[in-house]
Every structure is written in structure tokens, then in C-alpha cells.
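User: I am new to reading protein models and would like to learn how to go through one feature at a time. Could you guide me through the structure shown here?

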Amino acid sequence: MAGEPRTRRPPHALLAVDGGGSKVDAALLDTDGSVIAAVRHPNESQNGAGDAYLNGVAASVAALCRAAGLPEDAPIARVGMFCLAGADLPADDRRILRWLRARSWAARDVVRNDTFAVLRAGTERRWGVAVVCGFGTNCSGVAPGGRTFRFPAVGDVSGDWGGGHDIGSAALWYALRAKDGRGEPTALAAMVPAHFGMRRPRQVMEAMYFGRLSEDRVVELPPVVFRAAAGGDAVARRILDRQADEVVAMAGAAIRKLGMTRLDVDVVLGGGIFRGGDRPFFDRIEKGLACVAPRVRVRCLTAPPVAGAALLGLDELRAGRAAKARARETLTHDFVERRGSRARRRTRQTVRIVEGGVGRRGRGGT
């Protein structure tokens with residue numbers, strides 16, 4: 001969703017922001033793709049529906065202004081491309097757009113869900129499907145003609161399952177039942193409490209019940225589940241199979257809704273759940289999606305999603321291919337993670353994007 005343009009001309013062309021569940025990346029660019037500055041800021045709120053989440057966006061933009069040597073109370077870009085995890089429903093888009101316009105960082109604001117940034121960062125095409133599995137899960141798609149599809153992705157009430165919180169909750173659930181006799185034996189009964197420095201699953205439950213341990217810390221458990229599954233644990237493998245099947249269900253639905261079953265559609269996987277390199281997990285996703293679209297190309301995101309937000313913004317500005325290649329080359333994880341990074345020279349060379357294979361460790365996602 002885009003706002004009406006304002007009349008005051010800012011000093012730079014594009015403010016690109018990607019806001020996931022745990023961090024907010026922001027970058028400032030010129031029309032030729034040169035990156036003026038980029039920052040990564042932690043986001044304390046995992047809930048994209050509230051002001052606390054948007055406060056993380058504001059803190060990131062403020063840090064970006066400081067890195068670029070710009071005042072924080074004046075417009076800094078002609079276009080603001082905000083790809084945010086909290087932009088799930090049209091009402092969210094309108095609410096966030098009102099919030100952005102009150103801050104006047106850009107002459108024109110555009111709001112997208114963060115999955116669209118993952119898609120644009122993960123393929124040279126402007127169409128395809130993206131699935132994000134970080135704290136939670138979401139999926140969006142763009143058809144070759146520009147038609148879009150996305151899920152509400154607001155949790156159980158919208159029929160969702162998946163991401164770090166759900167995988168971690170399942171791990172604790174199975175660990176508790178294995179220990180008290182209601183469930184089958186699993187290595188998770190020892191591995192889950194050990195992650196929190198405890199001996200028994202019940203100790204974890206009690207610590208969460210009495211508020212000594214935040215329930216949101218179950219989001220730390222997916223690596224434990226992947227390790228258990230790699231060691232042959234059947235329960236852990238079932239958890240990962242369920243996640244893989246949910247990825248197939250979401251991406252497959254988007255492919256069908258957009259009429260792309262006969263195309264060589266790219267499905268981009270972004271987020272921490274896809275960084276483990278577990279081959280059976282990715283095999284299950286690839287085989288499931290091949291049943292929906294036989295020519296599908298599944299790939300893990302290797303670029304930071306803020307690069308996708310930048311490319312979407314450059315699309316809005318109708319920038320050329322060289323500008324987009326320049327932005328891609330500069331906006332790497334290493335560059336964004338150096339807090340307050342500034343590009344000290346303008347890169348003029350053309351960059352060829354080399355895609356890695358599915359399951360190789362990438363640092364993309366939210």
C-alpha cells in the first residue's frame with residue numbers, strides 16, 4: 001500500500017526497511033544503487049501488531065540517520081519501502097502507513113509484508129513465491145503479471161503452524177509427555193531441559209509457569225530439534241516433517257492460486273528455520289512442491305532481506321539493472337551487520353548473481 005506523495009524533496013532516493021520478528025534492517029540508497037548507509041537494529045517485540053514493534057522500526061531509522069549524518073526530524077528519501085512482518089492484513093497496511101506518514105521519513109511510503117522482500121532478494125525475477133520461517137511463518141506470491149497472493153499469517157486463528165515458536169513449543173510438549181509417561185521416549189526429554197541449564201522437562205515447565213523463564217524462549221529450541229532429528233530421533237523428525245509439510249502447503253497454495261503450476265516458479269525459503277542444512281527436511285519440501293509444480297525451483301535465501309526491500313524500492317523508482325546489481329553487491333550480511341556501515345565508494349561494476357543450492361547454509365530470513 002502506498003501513500004500520497006509529499007512536496008518537500010529529501011536528500012536521497014530510497015529508504016529501504018526490512019522488519020522481521022527479531023531485528024530491523026534499514027538502508028539508505030541513491031537512484032544509481034549506491035548505498036549511503038545501512039544498519040541492523042534489534043527488535044525487542046516479536047509481535048508485529050503493536051506499537052512496540054513499530055518502535056523498533058523507528059529506532060532503526062534513527063540509527064540509520066546517525067550513520068548517514070542526517071537529521072532525524074526531516075525527510076531523508078523520496079521513497080520509503082517498508083517490508084514489515086506486521087503488515088499481514090490490509091488493515092495493518094493502513095495502520096502502519098498512517099504511523100509512517102506521521103514521521104515523514106520519506107516523501108512517499110510503500111508498505112509490504114516482509115515476505116515480499118525475501119522473494120525479491122532471493123531471485124532475479126520479480127515474481128515467484130516466498131516462505132518465511134523465523135519466529136512464526138508466512139508466505140506470499142507474485143504472478144508474472146504482477147497479481148499477488150498472501151496469507152493473513154496471524155497465528156492459530158488464521159490456521160497457521162510453524163516457525164521457531166511452534167517448533168520449540170512442540171519440542172517441549174513431547175519432552176514433557178515422554179518424561180511423565182504419556183508419550184513415547186525421545187531424546188528431547190534430555191536435550192530440551194539441558195538447553196536451559198536444567199535436568200528435567202518439568203523444571204522448564206515450572207520455570208515458565210512461575211515467570212522465571214519467558215515462554216517465548218521456546219523459540220531457541222529449533223536447533224535442538226534439528227540435532228535430535230539428525231541423531232535419529234523419530235519424534236524430532238516428525239516435528240520437522242510437519243514443518244516441511246506446512247511449507248509445502250503454503251507455497252503450494254500460493255502457486256495454485258496464482259496459476260503457476262506449469263511454470264518454473266522460484267520458491268524462496270527465508271528465515272532461521274532454513275539455515276540448518278538438514279537434507280531430509282529440504283528433500284521433503286522439494287518433493288512436495290514438485291507434486292504441485294513439476295518445474296519448481298526451490299532455493300534458500302542467502303542475501304539479507306533488506307536487499308529485497310531495496311530492490312523493490314528501486315523498482316518503484318524505475319532504476320536500471322546496473323543500479324539494482326550495485327545495490328545487491330553492497331547490501332550483504334557482512335555490510336549490514338557492521339553497525340552504522342557506510343559505503344565509502346560507489347561500485348560501478350555489473351554483478352552476476354550466483355544462486356546456491358537448497359540446504360546450504362544461508363544467513364537470510366528474519
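User: Which residue of β9 stands opposite C300 in β10?

Analyst: Before the answer, please keep in mind that this is a predicted model. The residue of β9 that stands opposite C300 in β10 is L269. The two strands, β9 and β10 (residues 297-300), run parallel and are joined by four bridges. Between them the chain passes from β9 through helix α9 (residues 279-292) to β10, and this β-α-β crossover is right-handed.

User: Which strand is joined to β9 by four bridges besides β10, and how does it run?

Analyst: That is strand β6 (residues 128-133), which runs parallel to β9 and is joined to it by four bridges. Within this pairing, V129 stands opposite V267 in β9.

User: How should I read the two faces of a strand, and are those of β9 covered or open?

Analyst: The general idea is that in a regular strand the side chains alternate between the two faces of the sheet. In β9, both faces are covered, with D266, V268 and G270 buried on one side and V267 and L269 buried on the other. Because five of the five residues of β9 (residues 266-270) are buried, the strand is largely enclosed by the rest of the structure.

User: How do I read salt bridges, and how many does a search of the whole structure find?

Analyst: In general, side chains of opposite charge can pair when their charged atoms come close. A search of the whole structure finds 25 salt bridges. One of them involves β9, where D266 pairs with R297, the closest N and O atoms being 2.6 Å apart. This pair links distant parts of the chain, since R297 is in strand β10 and D266 in strand β9, 31 residues apart. D266 is buried, with a relative accessible area of 0%, whereas R297 counts as partly exposed at 33% relative accessibility. Both residues belong to a network of salt bridges that links R125, D264, D266, R297 and R299.

User: Which residues form salt bridges with D315?

Analyst: D315 forms a salt bridge with R120, in which the closest N and O atoms are 2.9 Å apart. Because D315 lies in helix α10 (residues 305-316) and R120 in helix α3 (residues 114-122), the pair ties together parts that are 195 residues apart in sequence. D315 also forms a salt bridge with R126, where the closest N and O atoms are 3.5 Å apart. Here R126 lies in the loop between α3 and β6, so the pair ties together parts that are 189 residues apart in sequence. As for burial, D315 and R120 are both buried, while R126 counts as exposed at 54% relative accessibility.

User: How many disulfides does the structure hold?

Analyst: A disulfide is a covalent bond between the sulfur atoms of two cysteines. The structure holds zero disulfides. Take C139 as a case: the closest cysteine sulfur, in C133, is 9.5 Å from the sulfur of C139, which is too far for a bond. C139 is buried, with a relative accessible area of 0%, and C83 is likewise buried, with a relative accessible area of 0%.

User: Finally, which residues form a nonpolar patch on the surface?

Analyst: The patch is formed by L89, V154 and V157, which together have about 280 Å² of accessible area. V157 lies in the loop between β8 (148-150) and α4 (164-180), and V157 is exposed, with a relative accessible area of 78%.

Technical notes:
Residues numbered from 1 in each chain as written. Predicted model: local features only at pLDDT ≥ 70, side-chain atom pairs only at ≥ 80, totals over all residues. Heavy atoms only, no water. Patch = residues over 30% accessible without salt bridge, like charges linked within 9 Å, V, L, I, M, F, W, Y side chains within 5 Å. Areas by Shrake-Rupley, 256 points an atom, 1.4 Å probe, with all protein chains shown as cover. Salt bridge = Lys/Arg side-chain N within 4 Å of Asp/Glu carboxyl O. Buried < 20%, exposed > 50% of the residue type's maximum accessible area, 1.4 Å probe, protein only. Disulfide = S-S within 2.5 Å. Pairing = 2+ DSSP bridges. Right-handed = clockwise from strand over helix to strand, strands pointing away.
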